[in-house]
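Biologist: I should like to learn how to read a structural model, one feature at a time. May we look at it together?

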Amino acid sequence: MEAEFKRIARMLAEQDYVADESIVTALFLATTLNRPLLIEGPAGVGKTEIAKAMARALETDLIRLQCYEGLDSTTALYEWNYQHQLLHIKLEEHSTKSIEEKEAEIFSERFLLKRPLLQAITHHKPPVLLIDELDRADEEFESFLLEVLSDWQITIPEIGTIRASHIPYVVLTSNRTRELSDAVRRRCLYLWIDYPDFEKEVAIVKQKVPGVNDRLAEQITRFMEAVREMHLAKVPGVAETLDWARALVALHRDVLDQTVVEQTLGVIFKDRQDIEQVRMNLEELLQKVGVSSRLTPTAFSEDTIRKTTED
Ligand SMILES: Nc1ncnc2c1ncn2[C@@H]1O[C@H](COP(=O)(O)OP(=O)(O)OP(=O)(O)O)[C@@H](O)[C@H]1O
Ligand SMILES: [Mg+2]
């Protein structure tokens, strides 16, 4: 088992996914017991990315069903290709086939548009099926999904019942804009991903942003940690940390200073009031990070411009 754990951790690392023990355990159990994995957590902490990394690691396809309000079973399962059917009817207008034969033809697999759930069930090898942001779909859709996840078969009235040739690896994610039903929770294994701790976030930054030095990676992470303690409308996740790190590298910055932080606040915060609040508390935040708040040359000082043009 120890070896299997290490194998999963290594596989994720190879896909640039930094996983802690709880994530590795959850993936180990979900793949071994063949149970869907429900992942919840705040925005931008790497929920969706797990499914992507898993598919790459297992060398299989990722089939994604993005949920939204009003998503119905048809859109998730299959639709008939009406235009193609109509064209076929037109072309066959003078054929001598019986009505039954013609009907059977236009309601055959040829004219079926497979949507993510049907694609996952009929895939030639077990894919990773990502049902992303399930909390955005309606409860009705959730009940329908439960049926699919338990039976792994889909009945199309005109064709018959299609059974899964392989059970997909299923990852469901939710940002908790509403509570998912107990029935869904019961069927799944559960993983909560929180904002990463310091070591994990530094590791993610170093892994994902080439060219970032250790000191800058640590300063960025400390700053993000401090910011997450404030009461903001939109708390920045790892996605924003990475965007910021990339922006600072693009500006040829090795360390943080007050000016560059001020100039790049729009990379991290996407809400006007949040930016105001951070700006007002900037000195204190920078002190927590260990950056002196005295003014230093701007990102566009002659020094930087010279450095940029020399590169
Ligand atoms: N542990 C991690 N290792 C590597 N990259 C990570 C990790 N966590 C997050 N990231 C990166 O952070 C970004 C956001 O991740 P992702 O889109 O998976 O977040 P999410 O939790 O699905 O967010 P949302 O709730 O907004 O959909 C991605 O670029 C992803 O690569
Ligand atoms: Mg996501």
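Modeller: Let us begin with tryptophan 152, which follows H8 in this predicted model. The phi of tryptophan 152 is positive, near 50°.

Biologist: Which other residues have a positive phi although they are not glycines?

Modeller: Among them are aspartate 16, with a phi of about 65°, and glutamate 133, with a phi of about 60°. Aspartate 16 is placed in the loop between helix H1 (2–14) and helix H2 (21–33). Glutamate 133 is placed in the loop between strand E5 (128–132) and helix H8 (139–151).

Biologist: How is one to decide whether aspartate 16 is buried or exposed?

Modeller: One counts the other C-beta atoms within 10 Å of the residue's own: 20 or more make it buried, 12 or fewer exposed, and a count in between partly exposed. Aspartate 16 has 12 such neighbours and therefore counts as exposed. Glutamate 133 has 18 and is partly exposed for that reason.

Biologist: What span should H8 have, given its number of residues?

Modeller: The expected span is 1.5 Å times one less than the number of residues. For the 13 residues of H8 this gives 18 Å, and the end C-alpha atoms are 19 Å apart, which agrees.

Biologist: Which residues of H8 are buried?

Modeller: They are Phe141, Leu145, Val148 and Leu149. These residues lie on the same side of H8, because they cover an arc of only 95° around the axis. On the other side of H8, Glu139, Glu140, Glu147, Ser150 and Asp151 are exposed.

Biologist: Against which elements do the buried residues of H8 pack?

Modeller: They pack against three helices, namely H4 (73–77), H7 (116–121) and H9 (182–187), and against the strands E6 (153–156) and E8 (169–174).

Biologist: Let us turn to the ligand. Which residues come nearest to ligand 1?

Modeller: There are 17 residues around ligand 1, and Gly46, Lys47, Thr48, Glu49 and Ala239 come nearest. Helix H3 (47–57), helix H10 (198–208) and helix H12 (238–250) are the elements that give two or more residues to this shell. Sorted by class, the shell holds eight nonpolar, five polar and four charged residues.

Biologist: Where does ligand 1 lie with respect to domain 1 and domain 2?

Modeller: One asks which domains give residues to the shell. Here domain 1 (2–71 + 120–192) and domain 2 (198–310) both do, so ligand 1 lies between them.

Technical notes. Residues are numbered from 1 along each chain as its sequence is written. Chains are lettered from A and ligands numbered from 1 in the order in which they are written. This is a predicted model: local features need pLDDT of at least 70, side-chain atom pairs count only at pLDDT 80 or more; totals for chains, interfaces and linings use all residues. Helices (H or I, at least four residues) and strands (E, at least two) are DSSP runs, numbered from the N terminus. The arc is that of the directions from the helix axis to the C-beta atoms. Two residues are in contact if their C-beta atoms, placed from the backbone, lie within 7 Å. A residue is near a molecule or strand if its C-beta atom, placed from the backbone, lies within 6 Å of it. Ala, Val, Leu, Ile, Met, Phe, Trp, Tyr, Cys and Pro count as nonpolar, Asp, Glu, Lys and Arg as charged, and the others, Gly among them, as polar. Domain bounds come from an automatic or database domain assignment.
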